[in-house]
Amino acid sequence: MRRFFTPLTVAFAVSTAIATPALSAGEPIRELHLLTRPQAAQPQEFQFIQLIAQEWRKLGLEIEVDVMPWEQMADVVWYNRDDWDMTGWQMVGRPERSDPDEIVYNLFHSSTADSGYNFIGYENPEFDKVAEAQRVETDAAARRALIDEAQAILAADQPNAMLAHPFNTFAYDKTVWDPSSVVEQGGIGIRNTWTFLSLAPLGDQKDIILNSADNIQAINPLFISGATDSWITELVWDRLLRIGPDGLPQPWAAEAYDWVDDTTVEVVLRDAMMWHDGKPVTAEDVKFSFEAPLGDEAPMYKPFVTSIDSIEIVDDQTLLFKLKEPAAAFVTATLAKVNIIPKHIWEPILSNLGSTDDNAESYQEETPIGSGPYKFASWSTNEEVVLEGNGDHFSAPKAERWILRIVPNTEAALGMLRSGEINFLSDFTADPEILETTATEDGDLDVVKTVDIGFRYIAFNNRRPPFNDPAFRNALSTAVNRDLIIRAAFKDNAVKSNSVVSPALDFWHNEATLEMDSGLERAKEILAAAGYEVIDGRLHYPDGTSETLGK
Amino acid sequence: MAGLAIYLVFVFIAVFADQIATHNPTEILFTPDYDLASDIPPGQDGFILGTTSLGRDIFSQLVYGTQSALLIGLTAATMVAVIGTLVGLVAGYFGGVVDVILMRLADIAFGIPFLPFVIVLAAFLEPSIWNVVLAMALVLWRDSGRVIRSQVLTLRTRGYVEAARVAGSSDAKIVFRHIAPNVLPLSFLYGSIAIGWAILTEASISFLGFGDPETISWGTMLQDAYASQALSRGAYYWFIPPGICIILVVVAGFFISRGYEEILFPKLKS
Amino acid sequence: MTSLRYIGSRLAQLLFVLWAVATILFLLFRLMPGNPLAAYIDPTFTEEQQAALMARFGLDRPLWEQYFIYLANLLQGDLGQSFFYREPVGERVLALLPNTLVLTFTSLILAYSFGIVVGAYLAWTRGSIVERATIPLVLTTRAMPEFWLGMILLAVFSFSLGWFPAGGTRPPGSEYGSLLALYTSYDFLLHLTLPALTLAIYSLGLPLLLMRSNMLDVMAEDFVTMARIKGLSTWTVVVRHAARNALLPVTTSFAISVGYQIQGNVVVETVFSWPGLGRELVKAVSASDYPLAQGAFLMIALVVVIMNLIADLLYGVLDPRVSHA
């Protein structure tokens, strides 16, 4: 009988690994490859991978760390799903992920194992049932119980070695911005749309000047491009609803919304909204915005609108969204996601594009026109993007301008924050300790840390032995000293994790998952109990199992 | 002389790295109370130059970095010198179609921006210090090749070469016995600057994130320091020493080549 | 006539080199393992959508066909469409080229002005303590990794002293009517100083040592000795006679240095957040954005090749001993 380290979760343990017929008894486990990104790109990941590899070697495993850039790693992990062993990975926190559905369902449901987000190939019918059930459960308490159960199953199976929910660390100059006007969004941090709207200047500097290490890819309401780009699209374009600082959708361009029945939502538009070119925002524009992605011109938004059967304009301010079938996530996933775009601008563009190979994703407006709280002002390639506050907006920002500077050099970004060249540090991936020291020395800076919705982990390829054995995965995960990782790689700027649902999502997080054993000795016990043996310092498969993937 | 002395010291360090280094340069170290030995200032706990943010001994990395530096530098130099010399000899001596082809190849090599080429190559191949050497072998023979060729052109018409030919010596014998020795100083000269180029290029490539993080070199040390914000930490003991070592080795290369003026000369003769 | 023909043949050679470089690039990028679009295909895409994307970038055609389309497009000045930015590569590259050129030329003008004067002085004071101390120093500047020097300058003059901004070409949110207005503004000068200084220090060695050795050659020649015998002042001899003659090869080397320098910019542009071609190239390569990487590389190669040509032509013009027969 296999032993698991969390008594709570024993009930959900999957069947044991399929043992291949014995050729020779318990062959040595091959050299295992662990993928990670370069230190320059991912210093924390690089560090914890080194630390973990060193621990795992003590179990008698040969671990080879392969460093490769993200693009190469993504290629291997996503498109060659049978060819890798383990990889450092991360899920980033986004406002939409405030609802656990995306992470719980997409990452682990067996239907997404072939080409979807379940790239690790985790398959557990028990889990599938729970993941499906929570999707249609509309009662919050009942759904929470299901999400709890899903987390418990994952804790027992350890399809991944979960490691940490890092802090999102940002800083701003508190002599420029009124600290009481900074909004902290749960799971996201202070770099969010709400902060950019409410930041109140204390003195003459009325421009929010922030930094990004990445270049701007596009400013396009029909293209989900780089992460930094979304900061801009969220400000230039309105949506019917927005995810609030509490993680729940709240009315935005829609004054109110109402479920008429299971498949019908009534939306009432706000009065007197204007496009940045002075034309009024109409119900026609809204209808157009949700219908535009249905064609082939905006493939990335298409999945968000396919649940819509029809959109009916009741009067100038009212629309009825009719759905093909009941979908509890419609409000968050669609109404709070799709940008409202001006029909008079995009209709001709889309019809022109219809006759070419290109789609709306490669169309860059000279001057992007939205209706949002900031207007596009200028963009100089790889240097900066300037937005101007839209005084006519129903939620007009208090700042005058929003200026995003591209700063690839992190040391330079810190220097700029001190010198005032930027006054809001919105992109900081380095050691938060340095930022805090800098803030202490400077005196004018306020550093705000927020636990992320996202997380860092090591993904096991569940398709490949020995990772198809939950006991093996458990042992590896147990061998990891998460406290050390948090301290050494994250410099205490993260909380340890054993669940994909972050503690930032207080309502959904299953605290019990953290009651796990840890340490090399315990890991060795788990391995021994499952029949693994160390011979001459090398870990061997249980009796009767041969290495099928020796390279 | 100064150059040679510097080299001897570094060669000594490289050879006896195992004895000189106090720690394994890639091992993550822990303090006596089992905490990660990260960012320890110089001199404390037996870490001569302190430790990196990941808890590795800087002094030991510096010592082992000497091996990579000399390895890259000397191999690259040999490649550049050997390829350049062969091209120059063959093109200059045989002339005709061979000459035309080789010199057109040199033209192409002159049209390839070197550092961008190494970047592309490094992205194309697995990250490794040898990418730099390969790129140099593919591109940087152009300078030495061209100069040596023009040298050979003048040597070929010298009396003693003519005499050898009349006496029935084979082409190979003439080239290697009579002409090659006269162009060797030039080969040596170009080899010497190639050492510096290789080490500097490896550092740049590492800095840009295309290096091999598994290899300890001064370039990867600087990259590590930069990626860990050593300057903001005030960890000058981490950021400065590898830079100084690079400067010393490269300058030593300049000194050794003696005629450093010629080295820095752009050779315009074609 | 002969010189016209010479220029003609050199131009033909230039085109040949560009063609060869373009071909090498094409092969390098196409032979890379994996799907070139891998980084840009969203995991949620269907097979059909992936195929459509491949077709859009012409990657579904046979290699030779792709090659001819690529060459034909190049001839029309079309560098293709960036995978990442979904916009024409040519536009991006041309938008960034001026920044790189300004940085390169400024740093070289600095290096050459200083290098020529000091080089001449060192030749004149040959054997003095100053000369003996300066030469190792100059060699040292040439042996420093550029990014290392740049980071140190940044730490000292920007972070600690606060004299210069830490990156970019202009203050946040500033507007300039034209590129010229930007380049001639005081703010631009402030932003330019540190990166230009870094590159200038690095490239100082060449003009300085070249000038010195040329001066030594020239001063040994008869006409200088004559001038001295005639009793002309030291100053007149150095400036009017020796320096003028020694300057010619240095001028030629300037053109070549532009070609060399523009390659080294890659690193400095990253340190100083300078929106130039080099940084774009690095980004494009690490993002597997092949069309953009190709475009940026070709643009840099174009500058290199043109500068080599100018150097050759200048050499012929300035040194009458070289004949083009």
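Which residue follows H12(C), and is its phi positive or negative? That is the warm-up; the exercises below work through a predicted model, so keep that in mind as you go.

**Exercise 1. Answer the opening question, then work out how enclosed H12(C) is.**

Step 1. Look just past the end of the helix: Ser288(C) follows H12(C), and its phi is positive, near 55°.

Step 2. Now go back into the helix, residues 277–286 of chain C. The buried residues are Leu277(C), Gly278(C), Arg279(C), Glu280(C), Leu281(C), Val282(C), Ala284(C), Val285(C) and Ser286(C).

Step 3. Put that together. Nine of the ten residues are buried, so H12(C) is largely enclosed by the rest of the structure. Notice that Arg279(C) and Glu280(C) are among the buried ones.

**Exercise 2. Describe the overall build of chain C.**

Step 1. Count the elements: chain C has 13 helices and zero strands. Its pattern along the sequence is therefore just α repeated, α-α-α-α-α-α-α-α-α-α-α-α-α, given how helices and strands are assigned.

Step 2. Check burial. Of the 325 residues in chain C, 45% are buried.

Step 3. Ask how far apart in sequence the contacting residues are. Taking contacts with a separation of 6 or more, 74% in chain C link residues 24 or more positions apart.

**Exercise 3. Describe the sides of chain A and chain B that touch chain C.**

Step 1. Start with chain A. This contact takes 41 residues from chain A and 40 residues from chain C. On the chain A side, helix H2 (70–79), strands S5 (207–212), S13 (384–389) and S14 (401–406), and helix H12 (410–419) each supply at least two residues. By type, that side divides into 17 nonpolar, twelve polar and twelve charged residues.

Step 2. Move to chain B. Here the contact takes 35 residues from chain B and 43 residues from chain C. Several helices of chain B give two or more residues, including H4 (96–111), H5 (114–124) and H9 (171–207). H5(B) provides the largest share of the chain B side, seven residues.

Step 3. Sort the chain B side by type: 28 nonpolar, five polar and two charged.

**Exercise 4. Is S5(A) mostly covered or mostly open, and which strand does it pair with?**

Step 1. Recall that in a regular strand the side chains alternate between the two faces of the sheet.

Step 2. Apply that here. One side of S5(A) carries Asp207(A), Ile209(A) and Asn211(A), while Ile208(A), Leu210(A) and Ser212(A) sit on the other, and all are buried. S5(A) is mostly covered, with six of its six residues buried.

Step 3. Find the partner. S5(A) and S14(A) pair in the parallel sense over six bridges, and Leu210(A) stands opposite Leu404(A) in S14(A).

**Exercise 5. Place Pro342(A) in its surroundings, and say where in chain A to go carefully.**

Step 1. Locate the residue: Pro342(A) lies in the loop between H10 (330–335) and H11 (343–353) of chain A.

Step 2. Test burial. The cut-off is 20 or more other C-beta atoms within 10 Å; Pro342(A) has 23, so it is buried.

Step 3. List the neighbours. Leaving out residues up to four places away in sequence, Pro342(A) touches Trp275(A), Lys279(A), Asp285(A) and Ile369(A).

Step 4. Check confidence. The mean pLDDT of chain A is 87, and 94% of its residues reach 70 or more. Over residues 1–24 of chain A, though, pLDDT stays under 50. Where pLDDT is low, the predicted coordinates should not be read in detail.

Notes:
Residues numbered from 1 in each chain as written. Chains lettered and ligands numbered in written order. Predicted model: local features only at pLDDT ≥ 70, side-chain atom pairs only at ≥ 80, totals over all residues. Contact = placed C-beta atoms within 7 Å. Helix = DSSP H or I, 4+ residues; strand = E, 2+ residues; numbered from the N terminus. Nonpolar A, V, L, I, M, F, W, Y, C, P; charged D, E, K, R; others polar. Buried ≥ 20, exposed ≤ 12 C-beta atoms within 10 Å, placed from the backbone. pLDDT = per-residue confidence, 0-100. Pairing = 2+ DSSP bridges.
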